[in-house]
Structure formats: C-alpha cells, structure tokens
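Biologist: I've got a model open on my screen and I'm not sure how to read it. Could you walk me through it, one feature at a time?

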Amino acid sequence: MESTISTILSSKTAHLIEVLDNNPSHSQIILLGDVTLKDKTEPEHFILKLKKKEFDPKDMSIEVLNQICSSPSQYFNNDIYTKYISKALAQNEINIELIYPCTQKNIDKFRAAKFEIITETYEMYKNKTLAYINSFDKNHIQWIHNILYKKAEKALIEDESYVILKNYTSVDNPDILDCLGLPYNGDDIKSLRDLTDKHLPLLVKFSKEGREKIAELFKCKPSEIRAFVHYPPSFYYFHVHYINVNIEDFSTTVNRAIDLNEIIENIKMKKDYYQTVSIDHTVKIGSKLYDYLTNKSICN
C-alpha cells in the first residue's frame, strides 16, 4: 500500500509554495505545499519537516569515521583549528514529518518569525487570550483524546489521573528523554491561567511521582529531569514537559518555560496566583495570538 507521503509527492497536482523555516543549526528545513488528491475537489495544504538525524555515539568507530571524513574539502584553518566539508552519505539519514491536511494554525506554528515579549495582565487574558482560545475548532485536541483512550500512540507511564508518553518530536529516538504528561481532566485546564490550589495534588504528582517514574525508565536521577509548563502553550489542554536537564533549546527559554515546582510554590503562596499575576511571555509576530493581544479593537 502506497504511503500518504508518496501519494502526495507523486501527484501531478503537488506544488511547493513556501519555505516556512530553514534552521541550519538544527539541520532542518520546513516546507509548505498543496495538493489535490483524487478524492478531493479543492487543494489541501501539507507541511513537510525534514531534519538530518543526529549521530548515534554507539555507531561510531574508526571505520565509520573514515567513511564520513573521506575526501574532505578544507575551508578554514587557524593554528590548531581546521574545518572541512565531507559529502559522504554515511550516517546521513533524514527524519521526515508530514502534516496533512494542515490548518492555518499549523502553518503559523511552523513558519519562522520574529518574537516579541508581551506582558499579559489577567484582564488581557480574560478579554483577549481567552477569545483567541475559544476561536479554535473543538477537534484541535482530538489527538490528545486518542492518546488518553488508547486509540493512538502508547503511554510510557499510566496512572489513574494522568499518562506520560514520549513527545512526538522525539519518538524516532527512544534514548532521548523528552516526554509529555497529560492529565485525564485537562479539558478543564486549558493552560497555566486555570491552575488553582485544587490542582495542587495533580501538580505534585506530576512533579514528584512523574519524575521518579521517568527516571526509572531512562536510568537517570529525578534531579536530572527538568519539568516545566509552557505559557503560552502550543495547544490548550494542560500538559507538562519533561526533558533531560542537559537539553537546551527554545522550548526551555525564559518567557516560555515555567518550572513546575515554581508553579506549585506560587499557588501554595496564593491559591489564585495565576488569576491575578501578569505574565511576560514570547509571542510570534504575525500569529493569530499576537493579533489578538496587540489589536485593541479585538474583544475590548
């Protein structure tokens, strides 16, 4: 049976429209296209994310290095520092991610853009951000229900109140500690803004028990696991991120990631802390959320 990606790319109606993002530091490119398949009457967008696979230390040997470094072209030298380019194909696997059919929200998420830091008061949240959240199609988190009710993906850890699974961005590498914690009642907790003292038992379980169980699976210490919540999140169903403390990328930066234990202590100090405090967070310029937060004509 032909794969979806082969069906799309072999279609004479397939076109590339735009490079959404080109990230040399992550050896990654994200492309937007459209296609009209046989059972469709109108073109549908698709996103292709191509990323060169990371090297696996277990595969390294002098023989493999000799293949990789064969016929190198030198382009830099200064004292003991020399740089080469090799066109060897060894170890050059490419991870491919397809999103089809994709929505404008998907396109906005993957399009490279500049960011601004916006100070969101709770009044702004109620009058602007909440209107943005309520504008989503109700099915935008169907994939989460598929996980919780065992229709798709497989949880690493299951509890009566939550599940923890590999983040889809790292499912191709089982050794990378990059996990997602999802509560069964997350529909009622859209984001950090909904958290109060009644959620403390769940948050403590995510922090203590979640870390301990993940540490056991990945053979590390709980203190080597960073647990945090994004604000604003990429989807509005409450979830916790767990990654190895040595991983540093945009997802862990200030004004985006908020430490889970910090959240717990803030709520212990003031039960409605996140219904009163202003939050500085990064927003992609030109995104729908940015328009809601900066356009005074919206929901004033």
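**Reading the model step by step**

Modeller: Sure, let's start with one residue: Y75 sits in strand β4. Keep in mind that this is a predicted model.

Biologist: Is Y75 buried or exposed?

Modeller: The idea is to look at relative accessibility, and anything over 50% is called exposed. Y75 comes out at 52%, so it counts as exposed.

Biologist: Which residues form a nonpolar patch on the surface?

Modeller: For a patch, you look for nonpolar side chains that are accessible and lie within 5 Å of one another. Here the patch is made of Y75, F76, I80, Y81 and I85, and together they have about 590 Å² of accessible area. Two elements, β4 (73-78) and β5 (81-85), each give two or more residues to it.

Biologist: What does I85 touch?

Modeller: First find its place, which is strand β5. Then skip the residues up to four places away in sequence, and you're left with S71, P72, S73 and Y75 as the ones I85 touches. Take P72: it is 13 residues from I85 along the chain, yet their C-alpha atoms are separated by 5.5 Å.

Biologist: Now sheets. What is the order of the strands in the open sheet of six?

Modeller: You read a sheet by asking which strand pairs with which. This one goes β8-β9-β10-β12-β11-β13, with antiparallel pairing. At the edges are β8 (157-158) and β13 (257-259), each pairing on one side only.

Biologist: How many bridges join β10 to β12?

Modeller: Four, and the two strands run antiparallel; β12 covers residues 240-244. For a single example, L180 has H241 in β12 as its bridge partner.

Biologist: And a charged residue, say D178: which side chain of opposite charge is nearest?

Modeller: For a salt bridge, the charged atoms have to come within 4 Å. D178, in strand β10 (residues 178-183), has K166 as its nearest side chain of opposite charge, 6.3 Å away. D178 is buried yet has no salt bridge. Apart from neighbours within four places in sequence, its contacts are K166, N167, T169, S170, Y242 and I243.

Biologist: Can we zoom out? How many helices and strands are in the chain?

Modeller: Eight helices and 14 strands. The C-alpha trace spans about 65 × 55 × 45 Å along its principal axes, and 38% of the 300 residues count as buried. Among contacts between residues at least 6 apart in sequence, 63% join residues at least 24 apart.

Notes:
Residues are numbered from 1 along each chain as its sequence is written. This is a predicted model: local features need pLDDT of at least 70, side-chain atom pairs count only at pLDDT 80 or more; totals for chains, interfaces and linings use all residues. Side-chain values use heavy atoms; hydrogens and water are left out. Patches are made of residues with over 30% relative accessible area and no salt bridge: like charges are joined within 9 Å, nonpolar side chains (Val, Leu, Ile, Met, Phe, Trp, Tyr) within 5 Å. Accessible areas come from the Shrake-Rupley method with a 1.4 Å probe; for residues, only the protein chains shown count as cover. Buried means under 20% relative accessible area, exposed over 50%, partly exposed in between (1.4 Å probe, protein chains only). Lys and Arg count as positive and Asp and Glu as negative; His and the chain ends are not counted. Contact means heavy atoms within 4.5 Å. Two strands pair if DSSP finds at least two bridges between them.
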